[in-house]
Amino acid sequence: MAIVGTAVMTIVMIVLSAIVNGYVFSQLWAWFVVATFGLTAITIPQAIGLAMVVGWFKTGLKQDDSLDEYKGFNKLVAMFIAQVFTAIITLIVASIVKSFI
């Protein structure tokens, strides 16, 4: 039961974090990008999507300390699985966010 509670709490924290960060991103966009370059304002879902795109390019194939227990080929496989899992989760979240745009 504790696992279910932890999973639910993790999902809630991810959603709330995305909304807060999307709001901040949209406000910064309005204050600086709209004012400076004359572009249109963006909505919170659009800001979340843009942040996901930027985050996707920013993270890339970074070294993860949690994979230090693996060596050689096993580490390579673990890194591959982590990257694929991250890509799948990103696409799922992005498709949900896109439905609000």
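A helix, as the word is used here, is a DSSP run of H or I covering at least four residues, and helices are numbered from the N terminus. With that in hand, here are some friendly notes on the structure above, which is a predicted model.

1. **Overall layout.** The secondary structure consists of three helices and zero strands, so reading from the N terminus the order of elements is simply α-α-α. Helix 1 spans 2–37, helix 2 spans 44–59 and helix 3 spans 72–98.

2. **Surface and burial.** The protein has 101 residues, and 12% of them count as buried. Its accessible surface comes to about 7900 Å², and carbon and sulfur atoms account for 76% of that area. As for contacts between residues at least 6 apart in sequence, 43% of them join residues at least 24 apart.

3. **The loop residue I42.** Where does I42 lie? I42 is found in the loop between helix 1 and helix 2. Despite the loop position, I42 counts as buried, because its relative accessibility of 16% falls under the 20% cut-off. Setting aside residues up to four places away in sequence, I42 touches F25, S26, W29, A47 and L50. For one of these partners, W29, the C-alpha to C-alpha distance from I42 is 7.3 Å, with the two positions 13 residues apart in sequence numbering.

4. **S26, a partner of I42.** S26 sits in helix 1. Is S26 buried or exposed? S26 is buried, because its relative accessible area is 6% and the limit for that class is under 20%. Apart from neighbours within four places in sequence, S26 is in contact with I42, T43, I44 and A47. A47 also appears among the residues that I42 touches, so if you are setting up a contact map, I42, S26 and A47 make a handy trio to label, given the 4.5 Å heavy-atom criterion.

5. **The aromatic pair.** How many aromatic pairs does a search of the whole structure find? The search finds one. It is formed by F25 and W29, whose ring centres are 6.3 Å apart and whose planes meet at 35 degrees, so the pair is classed as tilted. That angle fits neither the stacked class, under 30 degrees, nor the edge-to-face class, over 60. Both F25 and W29 belong to helix 1, and they are four residues apart, about one turn of the helix. F25 counts as partly exposed, because its relative accessibility is 24% and the buried class requires under 20%. Both members of the pair are also touched by I42.

6. **The largest pocket.** The space in the largest pocket is about 750 Å³. Its lining has 20 residues, and I14, V15, A18, M52 and V93 are the ones nearest the centre. Which element gives the largest share of this lining? Helix 1 does, with eight residues. Helix 1, helix 2 and helix 3 each supply at least two lining residues. In chemical character, the lining divides into 16 nonpolar residues, four polar and no charged.

7. **Two residues of helix 3.** A94 is placed in helix 3, and so is I96. A94 has 28% relative accessibility and I96 has a relative accessible area of 48%; both count as partly exposed, because that class lies between 20% and 50%. The C-alpha atom of A94 is separated by 9.8 Å from that of L50, 44 residues apart along the chain. For I96 the partner is P45, with the C-alpha atoms separated by 9.6 Å and the residues 51 apart along the chain. L50, for its part, is also one of the residues touched by I42.

Key
Residues are numbered from 1 along each chain as its sequence is written. This is a predicted model: local features need pLDDT of at least 70, side-chain atom pairs count only at pLDDT 80 or more; totals for chains, interfaces and linings use all residues. Side-chain values use heavy atoms; hydrogens and water are left out. On a 1 Å grid over the protein atoms alone, a cavity is a set of points where a 1.4 Å probe fits but cannot get out, and a pocket is an open set with protein on both sides within 12 Å along at least five of seven lines; lining residues have an atom within 4 Å of a point. Grid points are joined across faces, edges and corners, and a volume is the space filled by probe spheres set on the points. Ala, Val, Leu, Ile, Met, Phe, Trp, Tyr, Cys and Pro count as nonpolar, Asp, Glu, Lys and Arg as charged, and the others, Gly among them, as polar. Buried means under 20% relative accessible area, exposed over 50%, partly exposed in between (1.4 Å probe, protein chains only). Rings of Phe, Tyr and Trp (its six-membered ring) pair if their centres lie within 6.5 Å; planes under 30 degrees apart count as stacked, over 60 as edge-to-face and the rest as tilted. Accessible areas come from the Shrake-Rupley method with a 1.4 Å probe; for residues, only the protein chains shown count as cover.
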